[in-house]
Amino acid sequence: MNIFRKPALLSILLLLIVFGFENQPVLAQSSTDRTNFEVTELQAIIVATLTGYNEEGHHISRSTPHERTETADYLEQTFEQLGLIPLRDNYKMPNVNGLVDLLLAPYKGRNVFSVLKSTESSKEYVLMGAHYDSEPETPGAIDNASGVAVTFAIADLIKQQNHRKYNYIFVLFDQEEDDEVGSKAFVRFLKEKQYKIHSTHVLDVIGWGDSDTLAFEAQVSDDFIERMYRKTATRLDIPLNITGGRGHSDNKSFNLAGYHSAGFWDDNLTPHIHKPSDTYETVNFDRLRLATYFMFELLTNLDSSYDEL
Ligand SMILES: [Zn+2]
């Protein structure tokens, strides 16, 4: 039994949480004004649901095949509740060494995604995503229920826009904690379907700590995508450190596949990472709101970064 099958308990928990936050009744409004940017209620519900308590009083995790299936079902329901069509990439991936497949079963999982079409019949897709699995026996609030919550909030905000220059793919990856298997499978899916990808943006380990002092970090694959992040940070006056490298999260899968790719997270790593203490209570929803604001502004002003090309 888990929280997804306990609607009464869940409703009470969510009511308590929502009341504990703000009196804002509005889930999300499309706005470029930082002070009016409201996504906290939706994000609190998503993080609470993903990290809730089971009937033994332990935090649930999203690690075993059963837990990941239950979580993927919840993610599909959430897309539906936001008026978006949930799609599945059910995959099987071999182990890194093919001979191991003779001993261990290949990886199996489900990436959940939704596509928002351009209002200009663009052929290009902008991808934003976050992994939904966690380490065994850990609730994974910052790693990475918070990234999932940002992805849903931005999908909801961009859906409300009258004009979209690009198509958007919002994707929740399975099995990041197993060598980014889920996002590797999604790269394979994108190549098979011949999607023309503009850029990819992955969130992970985001939304904890003091919102006034911590910077965000963008790990970028190249100058093209670095410019987007740098210009957004300058325009919004949000502290951001830019780094390079192959990738610390699912951005690695996209980087190695040759896409313009970025990973976006808190500059300082939470001390609770991969521990049972990575709970709902460690999430700073004001900071998560700031991260969402940053990504929304970046993803809806992509062309401003062409100015200096
Ligand atoms: Zn993670």
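**View 1. Across from Glu124 in β3, on the neighbouring strand β5, sits Lys196.** This is a predicted model, where local features need pLDDT of at least 70 and side-chain atom pairs pLDDT 80 or more, while totals for chains, interfaces and linings take in all residues. Numbering starts from 1 in each chain as its sequence is written, and side-chain values use heavy atoms, with hydrogens and water left out. Helices and strands here are DSSP runs counted from the N terminus (helices: H or I, at least four residues; strands: E, at least two). β3 and β5 run parallel, joined by seven bridges. Two strands are called paired if DSSP finds at least two bridges between them. Another rung of this ladder links Gly129 to Val202 in β5.

**View 2. On to β4, which is joined to β3 by seven bridges and runs parallel to it.** Pick out Leu127 and you'll find Ile169 as its bridge partner in β4. To get from β3 to β4, the chain goes through helix α4 (residues 141-159), and this β-α-β crossover is right-handed. Right-handed means that, with the strands pointing away from the viewer, the path from the first strand over the helix to the second goes clockwise. β3 is mostly covered, with seven of its eight residues buried. "Buried" stands for under 20% relative accessible area, "exposed" for over 50%, and "partly exposed" for what falls in between (1.4 Å probe, protein chains only).

**View 3. The zinc ion is held by His131 (NE2), Asp143 (OD) and two OD atoms of Asp204, at 1.9 to 2.5 Å.** A donor is an N, O or S atom within 2.8 Å of the metal (3.2 Å for Na, K and Ca), and since water is not among the atoms, sites may look incomplete. Along the chain, the donors follow the spacing H-x11-D-x60-D. His131 belongs to strand β3 (residues 124-131) and Asp204 to the loop between β5 (196-203) and β6 (216-220), so the two tie together parts 73 residues apart in sequence. The geometry counts as irregular because the angles between the four donor atoms span 54 to 146 degrees. For tetrahedral, all four-donor angles would have to lie between 85 and 135 degrees; square planar (four) and octahedral (six) need opposite donors over 155 degrees apart and all others between 65 and 115; anything else is irregular. Both ends of the pair are tucked away: His131 is buried at 0% relative accessible area, and Asp204 is buried at 3%.

**View 4. Pull back, and eight strands make an open sheet of mixed pairing, in the order β1-β2-β4-β3-β5-β8-β6-β7.** β1 (87-93) and β7 (240-243) are the edge strands, each pairing on one side only. From one strand to the next, the twist averages 20 degrees. Helix α3 (residues 65-81) packs on the sheet, touching β1, β2 (107-116) and β4 (167-173), and its direction makes about 5 degrees with that of β2. Touching, or contact, means heavy atoms within 4.5 Å. The angles are taken between N-to-C directions and run from 0 to 180 degrees, with axes as lines fitted to C-alpha atoms, for helices over the stretch in contact.

**View 5. β5 also pairs with strand β8 (residues 261-266), parallel and through four bridges.** Leu203 stands opposite Phe264 in β8, and Val202 has Gly263 as its bridge partner there. Seven of the eight residues of β5 are buried, so the rest of the structure largely encloses this strand. Lying across β5, β6, β7 and β8 is helix α6 (residues 223-236), at about 55 degrees to β5.

**View 6. Leu290 has its place in helix α8 (residues 285-299).** Leu290 counts as buried because its relative accessibility is 14%. Skipping neighbours within four places in sequence, Leu290 contacts Arg34, Phe216 and Ile238. Ile238 is 52 residues away along the chain, with 8.6 Å between its C-alpha atom and that of Leu290.

**View 7. Ser61 lies in the loop between α2 (40-51) and α3.** Ser61 is buried, at 6% relative accessible area. Its contacts beyond four places in sequence include Glu67, Ser134 and Thr138.
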